[in-house]
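Pull up a chair and we'll walk through this one together, one feature at a time. Ask whatever you like as we go.

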Amino acid sequence: MSVEKCHVSRFELLMDAGFGAQKAGDILIRGFAHTGRYVYIEPMFPAEISPPIRTRAALSGVIVRVADFDLKNIGNNTDIIVAQHEIVLDRRLDDAEHNPKCRVLLDMGDKKANEEAYENACKRLAKLGLTVFPFDITEKAIAVIKSLSGKGKNMYYIGMLSAIYNVAEEVMLTEIKAMFGEKLEEDILNKNIEIFHCGYDYAKIHVPFSFLIDEKYPAKEERILIDGNAALSMGIINAGIKLVSGYPITPASSILHTLAKTFPSFGGVVHQAEDEISAIGTAIGSYFGGVPALTATSGPGLSLKQEFIGYASVAEIPLIVVDVQRSGPSTGMPTKTEQSDLPAAVYGSHGDHTKVVIGVGNVLDCYYAPALARYLAEKLRLPVFIMSDFNMANSYKIIKKPPVANMKTADDIPDYILNHFWINRLPDKIEMVRTEQAVPGTPGKMRRVTGLNTDSTGTVNYFAETNQRSHAVRNEKIHHVQRCLKEPELFGKVKEGDLLVVGWGTMRGPIAEAVHACQDQGLSVGGMCFRIIYPMPLILNDIFRRFKKVVTVEMAYGDAYKRTPLAMFLRTKTLVDVNPMVCRATGRPISPLTIRERIKETIKEMGKT
Amino acid sequence: MSSETDQQLPAGAPAPLTIKELNTENPRWCAGCGDFSIIMAVKRFMVNKQLPPHMTVNVSGIGCSGRAPFYINAYGVHAIHGRAIPVALGLRLARPDLNIFIHSGDGDALSIGGNHLIHGINKNFKCVFIMYDNELYALTKSQTSPTTRKGHKTNTQPTGTYLDPIIPTSLAIGVGGSFVASTADWMPDHLVKTLEAAFAHPGFAFVHVSQRCPHFDPDNFDHKTSAWFSFLTHEKGIPPDSRLADKTEVVQHDPSNKEDAFKYASSQRTYFGLFYQNPNKPRYDEILQNLIKQAPATTLESMFEEFKI
């Protein structure tokens, strides 16, 4: 086994759903993290629980990026693929996310019964110029797997990958025991460990290459490994929110799962409602009672909640809505990512109404966003959105242990959270449609709220002037936010120049990485990503004017005739001819490499004209 | 948290609550509308119980009944169509100290809000649910509702309503209601007594009120005679209306008898009174609040330990 030193590497483990690929990914990244490497993991799994094995629909896998520097996204193409059989491999090759030098380790266990299919897969690999390393799980391991009713191959692959990435056996053993120690009976656990050792030993002897990534991060600093939805759940506790309601929906459900176990310890209620509409209604009821509440959903749920969202805006009841976006429209692809819900969040409900939309781009954003959402929702008494997406929700990342704010009131929001989202504190006095906003239980201030138009006393009123005033007051709340928004961070050293690449939410990592790389090569390209996507800062025009061309990168559909949501918003806001540079609704994240290539092409084209 | 039932003003408090203090603006309902009687009964009940208005929230959906919270000087939420129950549940979970009344029409409760009604009843969270049943959509100008009687002509089914109506009390018992009563807007004494029994019930109290709509269906509910209905009564039930008790049949019915309750609810004859009550049904709101009480104390800092690398 030769040893190649490298700074970053990306591998994939591809298996049939139900055979433990996700668990294997969890164990591997913990092993890497515990030995001082930075990791970023993206799970891929079907929307179904257990599709028929050995079918293309059954693909369940993990993509893991390991590095000796801080990772902000899942990165570029894959260097190593470990595949359980030829079908999941063939399916994944369609996505064309492999490196030209990618090495493929293909388990030949199913070959006997599928000779032709295996040959075709190997032919395809040869055509792509990829090197294939066929292997058979050792007889000893096969015997143990048989005694576990066919389960346990994932342990073998963990063993192989540990050897390939030069992680000591003891490290992974600790992780395996931590993962299964309490869940599995001792002899079953031991069998799993035996399979792991077999895989490790096999790779040490038979796989001719291996990678060594330096252990980099300082041992002293306290670090956590956390995914987007868990970070958001911790952020909900940190913000002092006391009621979270939802209806089961992928990929938002895990927020409910995480909180269901721990929220009562913080005086919080997790409420699983009978439907999406009920879930938001319950959050509104709680907030009317003065208790901060949030509802979490995904696209189809967002569509159902729209009437109540407009209601909260008009009734001036604070409200926080989390939308973990998935591929749409309609049921779409529940376990794939996209950023197409932006217009539904900004303009969704009928009539003119007002709201603030936050877009999260990394786990720290996820942790801080509920605090900001609470602050804005209560100060402005309107709905505030936190827009995440499938990838953000499920991707793990290592971060420094974040500070705890333990907010009791909205005003407790620390400056570092406001600064994180590039927003100043709102003015103390903000006019409401209704002067009185007392909470039930306050003697002598009894009041009724409604979705009907009212005057400033809260009396129902259908007169022209009053309705116009209500609109003006509601919109002024949003204008306050605009005036408080500061200039978003521009990546790297280019603050003016040829090209500005703009994005929002989870596109931040890939854009930042691509823009930095291009700047290092001397290109005049800047990059920027919004953390508050609606409303937008007043200073936007000034920033855009400093560049010859402004483009967007979005995980949304666009073509020559149809502009993507962010491009559309930016054009309206600035009258600058903003077009999408990379826009895809493939359900796959956009890689820094793709952005880098498109930046180079775009600058080249600009030179020609 | 303090019990919901013991919030009467302390003895010797300077100003006892009166009807006058509970009045707001003049209701925007048609003359002769049964809704006037229902909110008056709510006010009389509040005065009888000396229920502090600042601790009371009326929650409603959309329709003529939806306006009820505006005309009672307590806290109120006029929500969206069919969705008063989810809002009321949020209030109950957040604020166990408040008294919560839900006002919902037949279309609001049984049509657009049907799903929430089923689950509100099943969750059995503490509230008084008043169903204003005028047996049609009125605010939108006379369309067939889930309780419109078969054959009755409406703007959407002009040859006469096609289907048999849903029976609200039967539905409520069927989905596990822990308190199911029926009364009528034109018998104020019975209406107030029903509200009192409902308020004392530890759970979701379903109160069906037959309500006159003189504008769109003046012939429905012959409130001048009483031979067409009977009262259900019992020592554990609700006394018959004091004015009408001697003018019609009064039936002894034990409200813990579910089988008989079904029989009376689905009968061709109309019965008013307490059909069914089970004071021991578990309450969703109580269960969640107990989870909080029993949860071990922890901190966010210690939770981060679980994620530590």
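## Reading a two-chain model

A: With 309 residues, chain B would have a radius of gyration near 19 Å if it were a compact globule, and its value of 20 Å agrees with that. Keep in mind as we go that this is a predicted model. The C-alpha atoms of chain B fill a box of roughly 75 × 50 × 40 Å along the principal axes.

Q: How many helices and strands does chain B have, and what share of its residues count as buried?

A: Chain B has ten helices and nine strands. Of its 309 residues, 51% count as buried. You can also look at how far apart in sequence the contacting residues are: in chain B, among contacts between residues at least 6 apart, 65% join residues at least 24 apart.

Q: And what does the radius of gyration say about chain A?

A: Same kind of check. For 609 residues the compact-globule value is near 25 Å, and chain A comes out at 26 Å, which agrees. Its C-alpha trace spans about 80 × 65 × 50 Å along the principal axes. Chain A holds 20 helices and 22 strands, and 54% of its 609 residues count as buried. Of the contacts in chain A with a separation of 6 or more, 78% are between residues 24 or more positions apart.

Q: Which domains does chain A have?

A: The domain assignment gives domain 1 (4-213), domain 2 (225-420) and domain 3 (497-608) for chain A. Take domain 1 and domain 2 of chain A: their C-alpha centres lie 34 Å apart. Their contact takes 15 residues from domain 1 and eleven residues from domain 2. On the domain 1 side, the elements giving two or more residues are helix 1 (21-34) and strand 3 (38-44) of chain A. Strand 3 of chain A has the largest share there, six residues. By class, that domain 1 side has twelve nonpolar, no polar and three charged residues.

Q: How do I read the two faces of a strand?

A: Start with the general idea: in a regular strand, side chains alternate between the two faces of the sheet. Now try strand 10 (residues 243-246) of chain A. Leu243(A) and Ser245(A) are on one side, Val244(A) and Gly246(A) are on the other, and all of them are buried, which leaves both faces covered.

Q: Which strands pair with strand 10 of chain A?

A: Strand 11 (residues 269-272) of chain A pairs with strand 10 in the parallel sense over four bridges, and strand 12 (residues 293-297) of chain A also pairs with strand 10 in the parallel sense over four bridges. Leu243(A) is a handy place to look: its bridge partner in strand 11 is Val269(A), and in strand 12 its bridge partner is Ala293(A). Then follow the chain: strand 10, helix 9 (residues 253-262) and strand 11 of chain A make a right-handed β-α-β unit.

Q: How about helices: what should I look for?

A: An α-helix has 3.6 residues a turn, so residues three or four places apart point the same way. Our case is helix 19 (residues 565-574) of chain A, where the buried residues are Pro565(A), Leu566(A), Ala567(A), Phe569(A) and Leu570(A). Those buried residues pack against helix 12 (342-347), strand 18 (497-504), strand 21 (547-554) and strand 22 of chain A. Just after helix 19 of chain A comes Leu575(A), with a positive phi near 60°.

Q: Is Asn579(A) buried, exposed or partly exposed, and why?

A: Count its C-beta neighbours inside 10 Å: Asn579(A) has 17, so it counts as partly exposed. Asn579(A) is found in strand 22 (residues 579-583) of chain A. Beyond its neighbours within four places in sequence, Asn579(A) is in contact with Val551(A), Arg563(A) and Ala567(A).

Q: Last one: how many residues are in contact between chain B and chain A?

A: On chain B, 44 residues are in contact with 53 residues of chain A. Helix 3 of chain B gives the largest share of the chain B side, eight residues. By class, that side has 29 nonpolar, nine polar and six charged residues. Strands meet across the chains too: three bridges join strand 17 (residues 448-450) of chain A to strand 2 of chain B, and the two run parallel. Within that pairing, Val449(A) has Val77(B) as its bridge partner.

Key: Residues are numbered from 1 along each chain as its sequence is written. Chains are lettered from A and ligands numbered from 1 in the order in which they are written. This is a predicted model: local features need pLDDT of at least 70, side-chain atom pairs count only at pLDDT 80 or more; totals for chains, interfaces and linings use all residues. Two residues are in contact if their C-beta atoms, placed from the backbone, lie within 7 Å. Ala, Val, Leu, Ile, Met, Phe, Trp, Tyr, Cys and Pro count as nonpolar, Asp, Glu, Lys and Arg as charged, and the others, Gly among them, as polar. Two strands pair if DSSP finds at least two bridges between them. A residue is buried if 20 or more other C-beta atoms lie within 10 Å of its own, exposed if 12 or fewer, and partly exposed in between; C-beta atoms are placed from the backbone. Domain bounds come from an automatic or database domain assignment. A crossover is right-handed if, with the strands pointing away from the viewer, the path from the first strand over the helix to the second runs clockwise. The radius of gyration is taken over C-alpha atoms; the globule rule is 2.2 Å times the number of residues to the power 0.38.
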